[in-house]
Amino acid sequence: MILLTETQYNPPLQYFRHVLRADGLLIEAHENYCKQSYRNRCHVLTARGMQPLSIPVLRGNSKTKTPITEIEIDYSQKWHNMHWRTIQAAYGRAPYFEYYSDYIRQMYERQPKYLFDLNMDLLQLYLKLLKLNRPLLLSAAYQAEVPEHVLDLRNKIHPKIYPDNLHVKPYTQVFGKQFAPELSIIDLLFTQGPASISYLE
């Protein structure tokens, strides 16, 4: 089974659970940008609870549809510094922060022009850290209908759609007495390290 999905910024655990069960990963490269989705946001757990991190983007005329590969990141707001400081504050004392932090920080330091490129770089990094060796391809064109062997999860993993078919197993997190599900994959990596893949299974 091939998994078809959009790129996401520091995707949630649900994303990688589906990747684990797939034979390959097909990224939609011909969609239009969609606001208020995981394409430019993620959730981390801080001392104040779950906090969203959003990447500001440049869209020109917001009334027109913009291809996802043409969405530029707005670095004038210094969001990358704020995101990294938040991640450091949230996970600096996590067991595996020092083990993974340099790899992730380097992604922010590259400052790619386009959101699509940043998300792809991060996705490839997380697949490597999780040792998820899956073929990774980009779609050749947009198709509303896909073949039977393709699982279409485009716009199905979304901040406003709670995965009611997902059985979430609690694991030890840095903050909070109550387990917070559906955080970014970085929460799992920093707290569980190499055992992350076993958790996803």
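Two strands pair if DSSP finds at least two bridges between them. Helices (H or I, at least four residues) and strands (E, at least two) are DSSP runs, numbered from the N terminus. The model is predicted: local features need pLDDT of at least 70, side-chain atom pairs count only at pLDDT 80 or more, and totals for chains, interfaces and linings use all residues. Residues are numbered from 1 along each chain as its sequence is written, and side-chain values use heavy atoms, without hydrogens or water.

**View 1. Strand 2 meets strand 7.** Strand 2 covers residues 24-27. Three bridges join it to strand 7, and the two run parallel. Leu 25 stands opposite Leu 136 in strand 7.

**View 2. Four strands form an open sheet.** Their order is 7-2-1-8, with parallel pairing. Strand 7 (136-138) and strand 8 (150-152) are the edges, each pairing on one side only. From one strand to the next, the twist averages 25°.

**View 3. Helices lie across the strands.** Contact means heavy atoms within 4.5 Å. Axes are lines fitted to C-alpha atoms, for helices over the stretch in contact; angles run from 0 to 180 degrees between N-to-C directions. Helix 1 (residues 13-21) crosses strand 1 (2-5), strand 2 and strand 8, at about 150° to strand 1. Helix 4 (residues 115-129) lies across strand 2 and strand 7, at about 165° to strand 7.

**View 4. Cys 34 is in no disulfide.** A disulfide is a pair of cysteine sulfur atoms within 2.5 Å. The count is zero. Why does Cys 42 form no bond? Its sulfur is 17 Å from the closest cysteine sulfur, in Cys 34, which is too far.
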